[in-house]
Structures are given as C-alpha cells and as structure tokens.
Amino acid sequence: MPYATLRDRRGNLPDLLGPVIGVYEWQAAPLLVLIDGDRLQGPDHLPRIRRVVALRGDIPYVGVAAGGRLDVYVVELERDRTEPVDFGAVDPSGTAILPYVASARPGLDPKAANVSKVVLDLLSLALAALVGCGMAQTDAISLAGRALFARFLADRDLPLGDHLTDLGTDMAFATPALARLTCAELERNFNGNLLPLDLDLLDELPKEGFDVLLDIMRRAPGGQMSLGWQQRWDDLHFGHIPVGILSQVYERYLSTHEPDRQKREGSYYTPTIIADLMVRATLQAIPVERRHQARFLDPAAGAGVFLITAFRHLVAERWRHDGVRPNTGVLRRILYDQVTGFDVNEGALRFAALGLYLVSIELDPEPEPISKLKFDDLRGSVLHRPRTNATMRHRRGEVSLAHLGSLGPGVSAFHDGQYDVVIGNPPWKTGLKIEGWAWVEAKVRAIAAERVRTTHRDQHAVTFDRTPVPMDPDDDQALSGSESRGDATLGRPSSLLPNNALDLPFVWQAAEWAKPDGQIALALSGGLLFQQSDGMPYARASLFAAFDVTSVINGAALRKTKVWPQITSPFCILFAKNRPPGPAAAMRFITPREEPRLNKAGIFRLDASHAPIVRTGDLAGDPLRLKTLFRGSELDLAIGRRITTEGYPRLAELVRSMGGRSGTGIQKLRKSSRTRKDARYPGADAAYLKGMPYIQVGIPKPFIDPRELTRFDAERIHDPRDIEIFRAPLLVVDKVARARKRGFASGLAMEDTAYSVNYYGYRFPRTPEGRRMAVHVAALLRSSFAQWWFLMTSGEYGYERDVVEKHTFDKLPIPSAGRAVDERSTLGEWYERHAEGLDQKELDRRVASAYGLTDIDRRIIEDTLTYAFGGPAIEREEDDLIPPARRSALLDVDGFLEGLNTELAPWERDFGIDLTAAPADAGASRTWRFVTLGRPKGVVTPAAREQALAGFVQAADESGSTEVYHQGTDGRLWIGMLDQPRYWTFSQGLRSARHIAWNHIEFLIDNGGSASLQ
C-alpha cells in the first residue's frame, strides 16, 4: 500500500508510467524505482518519470535496467541530472551494485529540496497571508485545508461541482460565491464538518486572500508538469504526492511559526520513516490471522502521521487477508473502527482529519462517483480533543484538571482495554509545572501499584546502586515509602515521573488503553535509557519491571542528523507488550550508529548483528548496562564487571574516609541569583574567598603554582560554597572531556585555591599520605581508563553532553596507591616525576597495571575510545570516490585478524585444527571487506570468490547487517564487514571469533555448515 498512488497512476497514465516495474526496498524503506529501459520513449520520458518520483519525496533513486546493466539516477526536484551515478570500480552489471547504493547513497545532495519542505514553504506563505488578511489561524488552517483538499481531488481528476464545469477547477476559490459553492459541494459529498469553517468569513476576506486560494488551486496547464522547476503551486501535482506529507507539513509549520507553543507542549513531528518502522513492528508482533483487525490508538496524535501510516498498513493487511482490494465500504469501516487519536491542539486535529479523509480517497480503487465518498464526522469518534471541567483538591485548594489533555479525566474510561496497539510520539518536555499534575502522579502510582501486584514476588527487588528496595505486593507501604541517599521507592510519583517528564506517563497510561498482551510502541526521550540522576534509574527499573519490553531502539547517536530534523535531544523507541515481564524476560537493544552518508538521506541502519539481548530484570541492579552497551560492547561490560567485583573504594568514599571533602566550584552572580532572607543583595557574600588564587578557565599545570593564577576578587557569588572544599592539598579536576585528548585535566594545589563551576575539587588531608593519594588519583584521572570508565557510566558524557557529573566522578574506583606498577615505583611516584610532558601511552600502561587489566583489556578500551564517537570513519568523507589505497589504510585488517586468531586459538588447540585467517579480495565491492577462515588450501579462486560474494549480497541486502558469515563451497568461512573502520579492529576480531564459536561450531569441528547471518 505505500505505493498505491504510484500503482494507480501507472494504470491511469500508461504512456508515462508504463515502464515502471516496481520499487526496490532496503530495510523496508524504498530505495529506487526500477524502470524497464527498453520501454522508454524519447529523451524526455525518463525525466518526467523522475519528476513523478521526486514528488513522492521518499524514493531517492530510479534505476534503469537495460542491456544487462543497471544505471542509477538521483531523484531531485530542482534539477534533472542527465548522467547516471558514477560507480567507479563497481560493475553496474554485477551483484554489488544495489548494496553499494543502499549503504553509500552516492550522488545525493543533502541540501536538495524535499517535497515536504516545498509544500511547507508554500503553505506557510499561504497561511501567513490569510492571517495577514485578518483571519484567525485556526480559520486560516481550515480554509487553506479545504483548498488543499479540493486541489488533491482536482489533481486526481475528481469533479468539484457543476459550477466549475465551464470555469475549470482552478477557479474553485476565486470569489466568495465560488468558494461557497465549492465548500457546499465538499460538505455535501464528504462531510458537513470537513475542517470546520464559518462560511460568512468568506464575505470578509479581501481580494488578496482569494489570490492566495487561487495560487493553491493553480495547476499546470493540461495537468502536465513542466520539466523546469520553480517553487510554485503549479509545479506540484497532488496526484503523485502522498497525503502523509500534509501531516508533516503542519507539524513542521508549528516548529517554524509557533516555536514557543511547540516548545511549551514539547511535541515535534515524527518523520515518516520512524512512524512506518513503528507501525510495521507492532503489526508483525500480532498473530497474522488477527492483524487485519488490529485497532490503533495514538494518544498524542498531532497532525496524524501515525494514524495515516497505520491506516495504510491496515488496508494492506485487509487486502492480504481477504484476497481482494478493499472497496469504499471496507475502507470506511477501517477508518471508523480501527484508528483513534487524542490531541489537545485543535489545529493539529483538523489537519489529522484532512489527512485521513485524503488517504481514504487515495487508497480507494474506485473513487467515482464522488457522491459515494461521503464521510461520517471523525470528531468524537475517531479524533478526540480531551476536555474536562473536573477539579481536584490540593493543598492550595481546588485545582483544575483541564490542562492535562490525554493524561487527564477528559479521556473516557470507554477507551480502556480497547486497543491492540498504543503508538505515538508523546511530548518529551520536562520540568513543566502543569496545573493538576498531582492527578497524573496519583494515576501513575495506581497503575504501577496494580502492575506490581500482578508480578511475581521474586522479581521485585529493584536495586539502585547496590541498595535493594523490596516491593512487597501485599504491603501498600512498599508503594508509598520515602527516599534516602538518592534511592527511590516505586510508589513515589517523583521517582516514577522524574522531573515531571511528560512522556513517561503516556507509557504508564498505555497499560489501561491497550488490551492485555497488546502492543505498545512509543518514541520517548533518550533520558529514559541513560540518565543517572533525578531519580531516573529507579523510574527506568520500575517501568521495565512493569511492562514486558521486547526491544528498544536507541537513537542517541542519530540526534542532530536528518533522520529526525530539528531534534537535538537523544531519543529512543520503546516496544513492549502490555503485561508484566516473565522471570526470563529479555529485550533487543538496538543502537543505529551514525553513518553520515545514510543519515544525510534521512535513513539509518537497523543492525541485528550488533543488537545485544538484555535481560530486563537485570536493569534494576545494573543501571549502567545500557550505557555501556551503547558506547561499548559486551567486551567493555565484562571489563567493567571485573573492576566492580574487585571492591575498590570509590573516589568520594575514599576522600571522606581520609577526612577530606569534595565539591563543585564557584558560580558567578547571575540574573537568576536569589536574594536571601535578611540580605540586601542577590547571591551570597564572597568575602571569605577574597584574594585566594583562582582557577577560572584552564588548569595551568599538573602541579599548580599559585603565583601563576589570578586572585579571586568578586564581591558576591550565586550560591555559597563551603570553604573546606578549597583547602589544600586540593585536586582540581576539569569536568569536561576535551576533544582529541585522553583523560581529564587535573592539577594539584598545595595552597588553598578557589576554582570556578567548570571544575570539581577533592580536598585531601594535609599529611604525607593525603598528598600521596592526591597524586595517585591525579594520575588515574589523566588516563584513558578514566575517560573510558566515565564514558561507560556517565548519564551525560557520551550521551548528550561532554560533561561528566560530579556523582559519576565520585564513583570512580580507586586501586591501591601502594601497589608498585614496576620494579621501582608506584603509579603516583612515577606520575610525579613524569607529569610534565606526559607520555600518555606509558601512563595508560601503568594505570592498567594498577587495575590488573590485561593487554587485551587495554586494546578493547583503546578501540572503544577511538570509535565511540565515529572515529576516522570513511563514511564521514564527502567524496564517495575515496582512493582505494587510503580506504585500505583506514581499516585495521591486521588488528582484526589478530583479535580473531587470539580468540580462536584455544578452540584450535581443543579441536586439534589449524585455521588460517587471511584477507580476501573484495572484487568490485566498495561497501564490504572480507577475510576467509579455513585450513590452508591455497589461494581463493575467482569462482569461489564470486560464489561467496553472491551469498553475501543476498544476506546483506535482506538485512542491512554490518556483519555477515557465509560458508563457501571450498570449505572456507567467509567473514564480511562493512568497510568502515569501526568494524575492522582488534575488538571486532574478538567479537567475530566468539560469534563463530557460538554459531558455527560445526565449522570448527569440520562437519560442514550453511550460511548464517547475525
């Protein structure tokens, strides 16, 4: 059904679209339209097809198959490139062509205009002009929406009324009288409440307003699009533009023209690729015999992108089930009975209604006569704007609940337990003081309490920082306890909804809306996965203990890309079944990596081979597991566990045990500084710091000379600080991870020293032991290990910011300062001699020794730090045609082979076999690199290589995987990885060997085998 418009237009326009064979998809997203080159007629035929495809906005290429080769052309609105994409060494008749196009996206211009942006610009101008003519915005939306609806019909050659027979559809809104007649025709044939509008407003609209409507209705002469391009209404053809674009256009309109409102509500449009992924995934989880009957609810529907997407898929499922294409009556039943949306925004609901009307007509196989297309009113049945006059008693008196929208009592209990799928992108805003929020907290608490009572008792020990909090299903006090030492109990609303996060109550409320065992799919703030403060660890553990979470897509690496434009915050997508988890419940943790060539096209890769399975019950006792798997791998997780089990004291704990103190530095006086009781001025008196050496920006040296510092001279500061955190001996640490530097800058001051809010300070006792420990910790903090540890454990660094929180520094494990790291000295003694002009590699070696790490551990840590943020990745290059020599130099194939051989050596010894791992010729492939593993049998023959490559192409093409294994006819195991440096490392060699031992044991014992993909 995604290509129903293209399919239907091909039937209506056989001369134009007859050569179209079909659409080739990659990871369930369209990649190219395949065209029979032998059926093209004349030089203008292909450009006209490309213009039709460009108007869809979702297919980046067309491929012309002729003469045993495939020529691929970029699809763009503004220009029509006459030359196909240059593939360099890739043979256009070979099997490597489509995987290369899918992964490399050659020739695409990320700045090229997209049809949704074009329609947004044109509609924004139209709405602004109508508002400028004195119309209210909601009325402007309704009037422009009616004109768009009429234009949609006209471009599909559907009549708009007898009054336009002689004038043409372009004149539908040319005058008040014509506009009234057109609106009356639309209301008679479709719905009396189609985008509500007081028609008397037409009499007040000046000529300039009707000029706007004339522009919207203006079509290309004869309906034939010009091959030239200008951003005008008459260069668009809405017979080819999917109606889902209108939903995106409206929500992007809000971000441009009402940013304060959108920021306040915390709602942003959802790209079609994400909405489609979520709808597909939820339907796949429903038994095939029931999919066509599934009922969808979007509780934060906005302009309806999820509802429109769900409707398309439901129509497709009905078609598969019935064996015939759904007719008008069936389409109406699906619309009225199987999709429902809530939203507080009137304008958004009007656009959602418009989109649902249009998609119903678009998918109708026989839309004429137009009179049979009449709709029931969607408001109050399909689309709901929750309203209530209810209030609640609060300590401040009666509080209105009118502002709670879908989360409040304005949603009837009629919806409870009605939906097979609850799906959407609720607001992510935090920190809002919404009137009546206590009602939401109480409701969430009640839902959580019910879930806990239905869960097995032995699953209830939710642990935070190794402190278990029992949850007794028979004890109500377990659901209404108190917090201590940063721990939270399940029953406290502040722990379930930390910082008043707007998205989390939608997850809890979905437990009531969804049927038992129903599907829940919600796009949420990434803070749910990684935030380690404000009670989020317990909120996360509570949610995962209440729902059977089946998979999570972690989109943190995709923020600030075109995958989700205008979103700078990390996001995640939660998939769950509406039931408590079982004892062995587990989920797939999927992290799409940044791949600029894909991401610039708004695409990302879902890689099953790098999606670890995580037991959700473990997240309570191990709140850092997801962060470690995000920035590292299971190899890093194993190192972290070993360090943790050693029982090393933590930094803050160690400092306190020695009688020291720690704290955050001075914050300057700000406009927000409060005036304290009995004080005349804002902030706090800073006289006690006057004249003290002051570190404001940049730690000068590892051992700080106070003569090189300025003196503190401010009269007042934002908040007071305890003088004890500035006493010597003092270790001052930069809290920001600096780019291209390992470790964290730190300096030891032997004189009392003040420092700014950019730093943390750890004051040790003024004793030889105190100074020795301070130097020891300084060495640890300057090491790559410290950077790696914070990358794995911080809720901010490596997630959203480059800052490491104070509580994360506090928990750095500190090995013994008295342990010798060579035959002559301890770590601190060596550091004191070599801190100036530090040899980073030697420091890292000695710190690793202090922690008892092996050389393999060190190499894993080095690989993780190098590639956690992309590294020197080939895919960051703007030029697709990277010279082969440079490409090969960026790949550490030797390191990969070393890791592979290191990990396989015990297996070879145990099985008595001798395996040889060697690079293999990749042929014309420019997206993959290969190694072979097997007994020495001479060189790989061209025939064996081609046979293996064919297997690779098929497996990789079907999955979008970054890692493929294939056993060739010559007995060798072929290992293929994407030609990106992050996949060709020592660590990846270790992981590959473990995969072989787990999934290809028959190869190791020489019993044969078959192709496998992970």
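Here is a short walk through some ring contacts and one surface patch in this structure.

The model is predicted, so local features need pLDDT of at least 70 and side-chain atom pairs pLDDT 80 or more, while totals for chains, interfaces and linings use all residues. Residues count from 1 along each chain as its sequence is written, and side-chain values use heavy atoms, leaving out hydrogens and water.

**Stop one: rings.** There are 23 aromatic pairs here (ring centres of Phe, Tyr or Trp, its six-membered ring, within 6.5 Å; planes under 30 degrees apart are stacked, over 60 edge-to-face, the rest tilted). Select Phe744 and Tyr797: they pair edge-to-face, 6.2 Å centre to centre with 80° between the planes. This pair links distant parts of the chain, 53 residues apart. Phe744 is buried at 1% relative accessible area, and Tyr797 is buried too, at 3% (buried is under 20%, exposed over 50%, partly exposed in between, with a 1.4 Å probe and protein chains only).

Next, pick Tyr648, Phe785, Trp788, Trp789 and Tyr851, which make up one aromatic cluster.

**Stop two: charges over rings.** Show Arg332 and Phe375: the arginine's charged end sits over the ring, 3.9 Å from its centre (NZ of Lys or CZ of Arg within 6 Å of the ring centre and within 35 degrees of the ring normal). Then go to Arg859, which lies over the face of Phe986 at 4.0 Å from the ring centre.

**Last stop: the surface.** Turn on the surface and colour Trp907, Phe911, Ile1001 and Ile1005, which make a nonpolar patch of about 300 Å² (residues with over 30% relative accessible area and no salt bridge, nonpolar side chains joined within 5 Å, like charges within 9 Å; areas by Shrake-Rupley with a 1.4 Å probe; a salt bridge is a Lys or Arg side-chain nitrogen within 4 Å of an Asp or Glu carboxyl oxygen). Ile1001 is partly exposed, at 31%.

Methods:
Helices (H or I, at least four residues) and strands (E, at least two) are DSSP runs, numbered from the N terminus.
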